[in-house]
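The following paragraphs lead through one protein chain, from its overall build to its interior and then to a few individual positions. Please keep the sequence and the model in view while reading.

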Amino acid sequence: MIRRCAGCLASNRIPPRHLADRGRCGRCKAEIPPLAEPIEAPDLATFDAVIREAPVPVLVDFWAAWCGPCRMVAPEVERTAEAVAGRALVVKVDTERLPALAARYRVSGIPCFAVFRGGAVVFQQAGAVRHAQLVRWIDAAASAAA
């Protein structure tokens with residue numbers, strides 16, 4: 001993943017296993033905070049790398065642009081990414097762009113949320129939910145792995 005430094009705007013390549021960590025810009029050495037926003041999965045390989053390599057729970061939001069409930073929960077998903085920065089990651093999967101990924105996890109209704117830990121699904125549920133519930137699912141996955 002490429003993250004831009006807020007200080008010098010340099011592009012920094014961050015391996016998926018370090019997206020939840022604090023780092024330093026390769027150019028100016030400014031701190032790069034843990035990822036605090038949803039990652040848009042651009043392809044299957046990137047999704048698989050994040051799910052497989054992340055040492056923290058990963059909340060996945062399966063969604064589509066035409067879906068009203070998906071658009072309604074988008075702010076809740078963003079709020080969750082901010083709240084769990086450093087202890088979890090949030091990934092958004094557009095089911096129209098990546099239908100094979102939705103099929104892999106048997107997503108039949110959207111929005112659908114799945115929580116992964118160690119590369120495996122530990123929880124999955126379809127339907128719109130609020131930020132507090134998303135955080136509870138992440139916390140449960142984190143404590144189950146501890």
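A residue is called buried here when its relative accessible area is under 20%, exposed when that area is over 50%, and partly exposed in between. By this cut-off R106, with a relative accessibility of 73%, counts as exposed. The model is a predicted one, and what follows should be read with that in mind.

The protein contains four helices and nine strands, and their order along the sequence is β-β-β-β-β-α-β-α-β-α-β-β-α. Its radius of gyration is 15 Å, close to the 15 Å that the globule rule gives for 146 residues, so the protein is as compact as a globular protein of that length. Taken along the principal axes, the C-alpha atoms fill a box of roughly 45 × 35 × 25 Å. Of the contacts with a separation of 6 or more, 63% are between residues 24 or more positions apart. Buried residues make up 43% of the 146 residues, while the protein exposes about 7500 Å², of which carbon and sulfur atoms supply 53%. As for charge, there are 19 positive and 14 negative charges, and the mean positions of the two sets are 4 Å apart.

We turn next to the interior. In soluble globular proteins, nonpolar side chains tend to be buried together. In this model the largest nonpolar core has 25 residues, and those with the most contacts inside it are F47, V60, F62, L89, V91 and V93. At least two residues of this core come from each of helix 1 (44–53), strand 6 (58–63), strand 7 (89–94), helix 3 (99–104) and strand 8 (112–117). Apart from this core lies another, of 15 residues, which includes L59, V73, V115 and W137.

Which residues does V60 touch, leaving aside those up to four places away in sequence? They are F47, I51, V91, V93, C112, F113, A114 and F116. The last of these, F116, is placed in strand 8 and counts as buried because its relative accessibility is 1%, which is under the 20% limit. Beyond residues up to four places away in sequence, F116 touches F47, I51, V56, P57, V58, V60, Y105, V121 and V122. F47 and I51 thus appear among the contacts of V60 and also among those of F116. By contrast with these contacts, the C-alpha atoms of F116 and P75 are 21 Å apart in space, with their positions 41 residues apart in sequence.

Two buried positions in loops can be followed in a similar way. A41, in the loop between strand 5 (39–40) and helix 1, is buried because its relative accessible area is 2%, again under 20%. With residues up to four places away in sequence left out, A41 touches F47, V91, K92, V93, R97 and L98; of these, F47, V91 and V93 are listed among the residues with the most contacts inside the largest core. The C-alpha atoms of A41 and G127, 86 residues apart along the chain, are separated by 20 Å. L19 is located in the loop between strand 2 (11–13) and strand 3, and at 0% relative accessibility L19 counts as buried. Residues touched by L19, again beyond four places in sequence, are M1, R3, I14, P34, L35, I39, V50 and L89. For one of these partners, V50, the C-alpha to C-alpha distance from L19 is 8.7 Å, at a sequence separation of 31 residues.

A132 offers a contrast in exposure. Placed in helix 4 (residues 131–145), A132 has a relative accessible area of 38% and is therefore partly exposed, a value between the 20% and 50% limits. The C-alpha atoms of A132 and T80 are 7.9 Å apart, although the two residues are 52 positions apart along the chain.

Some points of backbone geometry remain. The loop between helix 3 and strand 8 holds R106, whose phi is near 55°, a positive value in a residue other than glycine. P111 lies in this loop as well, and the peptide bond that leads from I110 to P111 is cis, with omega near 0°. A positive phi, of about 70°, is also found at K29, which is not a glycine; K29 lies in the loop between strand 3 (23–24) and strand 4 (31–32).

Technical notes:
Residues are numbered from 1 along each chain as its sequence is written. This is a predicted model: local features need pLDDT of at least 70, side-chain atom pairs count only at pLDDT 80 or more; totals for chains, interfaces and linings use all residues. Side-chain values use heavy atoms; hydrogens and water are left out. The radius of gyration is taken over C-alpha atoms; the globule rule is 2.2 Å times the number of residues to the power 0.38. Buried means under 20% relative accessible area, exposed over 50%, partly exposed in between (1.4 Å probe, protein chains only). Contact means heavy atoms within 4.5 Å. Accessible areas come from the Shrake-Rupley method with a 1.4 Å probe; for residues, only the protein chains shown count as cover. Lys and Arg count as positive and Asp and Glu as negative; His and the chain ends are not counted. The place of a charge is taken as NZ of Lys, CZ of Arg, CG of Asp or CD of Glu. A nonpolar core is a set of buried Ala, Val, Leu, Ile, Met, Phe, Trp, Tyr and Cys residues joined through side-chain atoms within 4.5 Å.
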